[in-house]
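Reader: Please take me through the terms used for this model, and show in each case how the value meets the definition.

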Amino acid sequence: MMMKTDTTERKAINQQLSQADQQQYRHDGYFFPLRIFSTKKAADHREQLENLEAVYGPMHYKIKPYLLMKSAAEIANNSVLLDAVESILGPDILLWDSAYIIKEPNNTKYVSWHQDLTYWGLDGDELVTAWVALSTVTSQNGCMKMLPGSHHKGKHQHRSTYSKDNILHRGQELSAEIDEEQTVSVELEAGEVSFHHGWVAHASHPNFSAERRIGLSLQYLAPRVRQKHTDHESATLVRGEDRYRNFLPEPLCEEDFAPEMLSFQAEAERLKHEVYDTN
Ligand SMILES: O=C(O)CCC(=O)C(=O)O
């Protein structure tokens with residue numbers, strides 16, 4: 001009886017993407033914007049991030065910050081965000097990876113045109129990235145750009161450039177030239193999120209503004225997907241059930257930068273680099 005009431009209540013407030021939004025995601029390989037919290041709440045999350053950075057150093061590109069920071073864990077478990085992810089992946093959802101991607105003011109760092117799944121070692125593409133804006137994100141400060149429909153044919157050829165200003169680990173970029181005229185800029189207000197498919201071609205240019213550009217990129221997986229290169233990767237079940245156990249369960253963040261979580265995160269980061277760098 002209790003179970004039935006809980007399910008009914010959750011359904012009543014579930015805010016999954018509309019059929020039209022889901023259709024757009026399937027057609028283009030991305031969907032935006034969706035507001036998941038107010039600009040005031042976004043400013044609060046940004047303040048928590050920047051206060052912790054003042055003590056522990058830069059958080060940019062540190063893997064799985066939701067293990068270390070209550071604020072990141074709260075964003076990753078946001079119910080509006082997860083409702084939208086549920087309408088893309090179904091009811092069972094693992095949080096597999098995440099990173100703050102921060103472009104400092106007037107900075108040359110960029111992200112080359114790439115497809116996320118190229119080097120991630122996964123055996124399926126039931127994965128969606130949710131990119132949560134914690135600052136206003138515009139073409140001027142280096143928002144993401146997407147090539148609509150580029151996810152339909154799966155993997156395209158990449159080359160590793162290891163270019164100094166490229167934020168990606170291997171500076172990987174699509175070998176084919178992208179016609180920028182065909183691309184769409186993912187401009188967001190703080191507190192909004194965009195969703196993109198693991199095979200959609202995307203990139204982001206440098207930050208030409210005087211403000212920090214801050215996003216939290218979160219990768220959600222359907223539990224049936226496997227990591228081909230190791231059985232030791234971990235993930236957090238954020239909704240539903242994991243009937244596959246392809247990933248080790250992760251401890252939950254209850255305190256910012258707890259020592260035991262720091263060592264768990266460091267090992268997860270080491271393993272992730274091993275997979276990214278050798279495949
Ligand atoms: O934050 C960026 O500029 C790029 C992010 C990205 O490539 C991703 O989240 O997949």
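Author: A residue is called buried if 20 or more other C-beta atoms, placed from the backbone, lie within 10 Å of its own; with 12 or fewer it is exposed, and in between it is partly exposed. Strands (E, at least two residues) and helices (H or I, at least four) are DSSP runs, numbered from the N terminus. The model is predicted: local features need pLDDT of at least 70 and side-chain atom pairs count only at pLDDT 80 or more, while totals for chains, interfaces and linings use all residues. Residues are numbered from 1 along each chain as its sequence is written.

Reader: How do you know how much confidence the predictor places in the chain?
Author: The term is pLDDT, the predictor's confidence in each residue, from 0 to 100. Its mean over the chain is 93, and 95% of the residues reach 70 or more. Over residues 1-11, however, pLDDT stays under 50, and the model has zero contacts there beyond four places in sequence. A contact requires the C-beta atoms of two residues, placed from the backbone, to lie within 7 Å.

Reader: What makes β11 largely enclosed by the rest of the structure?
Author: Eight of the nine residues of β11 meet the criterion for buried, so the strand is largely enclosed. In β4 (127-133), seven of its seven residues are buried. Leu127, Thr129, Trp131 and Ala133 point one way from β4, and Val128, Ala130 and Val132 point the other way. In general, side chains of a regular strand alternate between the two faces of the sheet.

Reader: How do you know which strands β4 pairs with?
Author: Two strands pair if DSSP finds at least two bridges between them. Between β4 and β11 there are seven bridges, and these strands run antiparallel; between β4 and β9 there are five, again antiparallel. Among the bridge partners, alanine 130 stands opposite leucine 218 in β11, alanine 133 has glycine 215 in β11, and tryptophan 131 has serine 194 in β9. On the evidence of nine bridges, β2 also pairs with β11, antiparallel, and here leucine 95 is the partner of tyrosine 220.

Reader: Why is the pairing of the sheet called mixed, and which strands stand at its edges?
Author: Seven strands form an open sheet in the order β1-β9-β4-β11-β2-β12-β13, with mixed pairing. The edges are β1 (30-35) and β13 (248-249); each has a single partner strand, so one side of each lacks a neighbour in the sheet. While β4 and β11 run antiparallel, β12 (residues 234-239) and β13 run parallel and are joined by two bridges. Two bridges meet the minimum for pairing, so β12 and β13 qualify. Alanine 235 there stands opposite proline 249.

Reader: What makes a residue count as part of the shell around the ligand?
Author: Its C-beta atom, placed from the backbone, must lie within 6 Å of the molecule. The residues around the ligand are Ile101, Val111, Asp116, Thr129, Trp131, Met144, His202, Ser204, Gly215 and Ser217. The elements giving two or more of them are β4, β10 (202-204) and β11 (213-221).

Reader: How do you know the character of that shell by class?
Author: Ala, Val, Leu, Ile, Met, Phe, Trp, Tyr, Cys and Pro count as nonpolar, Asp, Glu, Lys and Arg as charged, and the others, Gly among them, as polar. On that scheme the shell has four nonpolar, five polar and one charged residues.

Reader: Why is glutamine 172 classed as it is, buried or exposed?
Author: Glutamine 172 has 22 other C-beta atoms within 10 Å, so it passes the threshold and is buried. The residue lies in strand β7 (residues 172-174). Leaving aside neighbours within four places in sequence, glutamine 172 is in contact with Ser112, His114, Thr118, Tyr119, His158 and Ser160.

Reader: Why are asparagine 106 and tyrosine 162 classed as they are, buried or exposed?
Author: Asparagine 106 has 12 C-beta neighbours inside 10 Å, so it counts as exposed. Tyrosine 162 has 10, so it too counts as exposed. Asparagine 106 lies in the loop between β2 (93-103) and β3 (111-114), and its phi is positive, near 45°. Tyrosine 162 lies in the loop between β6 (158-160) and β7, with a positive phi of about 50°.

Reader: What makes helix α5 largely enclosed?
Author: Eight of the 11 residues of α5 (residues 79-89) are buried, so the helix is largely enclosed by the rest of the structure. Among them are Leu81, Val85 and Ile88. Glycine 90 follows α5, with a positive phi near 100°.
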